[in-house]
Amino acid sequence: MQADIINRNKRKYPLHEMNTAVVDFAKRIEEFGGVFGEADHPNSLNINMDRVSHVITEMYMDGLNAIGKAKVIKETPMGKILNELLKTGVKIGVSSRGTGQVEEDGTVKNFGLCTVDAVIMPSAPGAIPMSVYESLDLNQSGKKVLTLSEALQHDKAAQKFF
């Protein structure tokens, strides 16, 4: 998410509104161990278990940007779809789902963040994250890390060291 800019939806989230929402969201992450997100935006604020594709594990503000970390849940139906889409190399965006009042000029007041969903076309221009898998796969030593981590999943003797 990005504060103080007009996004593709013609909305502007003031920094203080976004900061408050992100702090509250981070508290939910800490309290519950993460917050689920879905593949694509549904028509309601409810997070539906049958549409969960990822879990958000971290959220904080860095200047005007809300930064987060999420893990794709490869075992859910939507997580499988998201994972396969990411494997193609095409960029998947993220988009906030929340509540608030949109003023006539597009400014959002009383913003409450429900979750962050994976979407094809995000409204915030910079809301296209890089996956760790992708960044590791782009360099030779990263490929070694991926190979070792995949092997580790099946080696019980080695797992005790990690």
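1. Let's start with the salt bridges. In this predicted model, a search of the whole structure turns up five of them. Four residues, Glu38, Arg51, Arg97 and Asp117, are linked in a network of salt bridges, and that network is a good place to begin looking around.

2. Take Arg51 and Glu38. They form a salt bridge whose closest N and O atoms are 3.2 Å apart. Arg51 sits in the loop between β1 (35-38) and β2, while Glu38 belongs to strand β1, so the pair ties together parts that are 13 residues apart in sequence. Are these two residues buried or exposed? Arg51 counts as partly exposed, because its relative accessibility is 24% and the buried class is for values under 20%. Glu38, with 0% relative accessibility, counts as buried.

3. Now follow Glu38 to its other partner in the network. The side chains of Glu38 and Arg97 meet in a salt bridge, with 3.5 Å from N to O. This pair links distant parts of the chain: Glu38 is in strand β1 and Arg97 in strand β4, 59 residues apart. Both Glu38 and Arg97 are buried.

4. Arg97 also reaches Asp117. Their salt bridge has its closest N and O atoms 2.7 Å apart. Here too distant parts of the chain are linked, with Asp117 in strand β5 and Arg97 in strand β4, 20 residues apart. How accessible are Asp117 and Arg97? Asp117 is buried, with a relative accessible area of 0%, and Arg97 counts as buried at 5% relative accessibility.

5. Next, the aromatic residues. How many aromatic pairs does the structure hold? There is one. It is made by Tyr13 and Phe111, which meet edge-to-face, 4.8 Å centre to centre and with 65° between the planes. Tyr13 lies in the segment before α1 (15-32) and Phe111 in strand β5, so the pair ties together parts that are 98 residues apart in sequence. Both Tyr13 and Phe111 are buried.

6. Have a look at Thr107 as well, in the loop between β4 (93-102) and β5. A loop residue can be buried, and Thr107 is an example, with a relative accessible area of 11%. Leaving aside residues up to four places away in sequence, Thr107 touches Lys12, Pro14, Gln101 and Val102.

7. Helix α2 (residues 77-87) makes a nice exercise in telling one side from the other. Which of its residues are buried? They are Met78, Gly79, Leu82 and Asn83. These residues cover an arc of only 135° around the axis, which puts them on the same side of α2. On the other side of α2, Pro77 and Lys87 are exposed. The cover over the buried residues of α2 includes β2 (52-62), β3 (65-72) and β5 (108-119). Just after the helix, Gly89 takes a positive phi of about 95°.

8. Finally, two of those covering strands deserve a visit of their own. β2 and β3 pair in the antiparallel sense over eight bridges. They form a hairpin with two residues between them, and Gly63 in the turn has a positive phi of about 65°. To find one rung of this ladder on your screen, pick Tyr60: its bridge partner in β3 is Ile67.

Methods
Residues numbered from 1 in each chain as written. Predicted model: local features only at pLDDT ≥ 70, side-chain atom pairs only at ≥ 80, totals over all residues. Heavy atoms only, no water. Buried < 20%, exposed > 50% of the residue type's maximum accessible area, 1.4 Å probe, protein only. Helix = DSSP H or I, 4+ residues; strand = E, 2+ residues; numbered from the N terminus. Arc of directions from axis to C-beta. Contact = heavy atoms within 4.5 Å. Phe/Tyr/Trp six-rings, centres within 6.5 Å; stacked < 30°, edge-to-face > 60°. Pairing = 2+ DSSP bridges.
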